[in-house]
Amino acid sequence: MGKYLKETILLVAVAVAASAPAFAQDYKIAMLDTGSDKELMVFEPAFIKANVGDTISFVAKSPGHNIISRLVPAGASEFKGQVDKDLSIKLEKEGVYIYECDLHKMLGMIGVIQVGKPANLAEAKAAAEKLKPKMAMKSERLDDYLAQIK
Ligand SMILES: [Cu+2]
């Protein structure tokens, strides 16, 4: 193989590696009546740290739940799933996302997704202070999830 050809192949390989997105992940979040820790009405895992380009698949493992976004970073799309239906979303913006089950929000069925840098953390904490009074129980879950943001 000639020197020029080898260099060309190397350059192409480097260009392809640089442009390819870092292996996008698909995270699964189960909607559950009872979590593995015996907590009732939970998303599992309820806190996920992901990257831009990853996807989240909400899986309707127990019947009678849905998903609705309550806070998304600026420029990100709000999302809403139907009761008993799986929902897949692509994470296109960095920041903190808060979502809940519209049917069990009073029971603390809520979750947090951190995508990349949490630029809107202050906004997320402010949103949490507005959401918590609407939760009749388990509102401390939201604090626990937000505390995992790094
Ligand atoms: Cu629910």
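Is Leu107 buried, partly exposed or exposed? Select Leu107 to find out: its relative accessibility is 32%, so it counts as partly exposed. Here buried means under 20% relative accessible area, exposed means over 50%, and partly exposed is in between, with a 1.4 Å probe and protein chains only.

Before moving on, know that this is a predicted model, in which local features need pLDDT of at least 70, side-chain atom pairs count only at pLDDT 80 or more, and totals for chains, interfaces and linings use all residues. Residues are numbered from 1 along each chain as its sequence is written, and side-chain values use heavy atoms, with hydrogens and water left out.

**Stop 1: the whole chain**

Switch to a cartoon view. The protein chain has three helices and eight strands. Helices (H or I, at least four residues) and strands (E, at least two) are DSSP runs, numbered from the N terminus. Follow the chain from the N terminus and you will pass the elements in the order α-β-β-β-β-β-β-β-β-α-α. Of the 150 residues in the protein chain, buried ones make up 40%.

**Stop 2: the copper ion**

Now select the copper ion and show the side chains around it. Which protein donors does the copper ion have? They are His65 (ND1), Cys101 (SG), His104 (ND1) and Met109 (SD), at 2.0 to 2.7 Å from the ion. Donors are N, O and S atoms within 2.8 Å of the metal (3.2 Å for Na, K and Ca); water is not among the atoms, so sites may look incomplete.

Along the chain, these donors follow the spacing H-x35-C-x2-H-x4-M. Pick out His65 in the loop between β4 (55-59) and β5 (68-71), then Met109 in the loop between β7 (95-100) and β8 (110-115); the pair ties together parts that are 44 residues apart in sequence. His65 counts as buried, at 0% relative accessibility, and Met109 is also buried, at 0%.

Why is the arrangement around the copper ion irregular? The four donor atoms subtend angles of 85 to 137 degrees, which makes it so. Four donors count as tetrahedral if all angles lie between 85 and 135 degrees; four count as square planar and six as octahedral if opposite donors are over 155 degrees apart and all others between 65 and 115; anything else is irregular.

**Stop 3: salt bridges**

Next, colour the charged side chains. How many salt bridges does a search of the whole structure find? There are eight, each a side-chain nitrogen of Lys or Arg within 4 Å of a carboxyl oxygen of Asp or Glu.

Select Glu39 and Lys138, whose side chains meet in a salt bridge (3.0 Å, N to O). This pair links distant parts of the chain, 99 residues apart: Glu39 is in the loop between β1 (26-34) and β2 (40-44), and Lys138 is in the loop between α2 (121-131) and α3 (140-146). Glu39 is partly exposed, with a relative accessible area of 26%, and Lys138 counts as partly exposed at 24%.

Then select Lys132 and Asp143, another salt bridge, with the closest N and O atoms 2.9 Å apart. Lys132 sits in the loop between α2 and α3, while Asp143 is in helix α3, eleven residues apart. Lys132 is buried, with a relative accessible area of 15%, whereas Asp143 is partly exposed at 35%.

Finally, show Arg70, Glu100, Asp102 and Lys105 together, as they are linked in a network of salt bridges. Within it, Lys105 pairs with Asp102, their closest N and O atoms being 3.0 Å apart.

**Stop 4: aromatic rings**

Show the rings of Phe, Tyr and Trp. The structure holds five aromatic pairs. One of them is Phe79 with Tyr99, a tilted pair at 6.5 Å centre to centre and 50 degrees between the planes. Rings of Phe, Tyr and Trp (its six-membered ring) pair if their centres lie within 6.5 Å; planes under 30 degrees apart count as stacked, over 60 as edge-to-face and the rest as tilted.

Add Phe43 and Phe58 to your selection: ring pairs link Phe43, Phe58, Phe79 and Tyr99 into a cluster. Phe58 lies in strand β4 and is buried, at 0% relative accessibility. Tyr99 is buried as well, with a relative accessible area of 0%, and Phe79 counts as buried at 8%.
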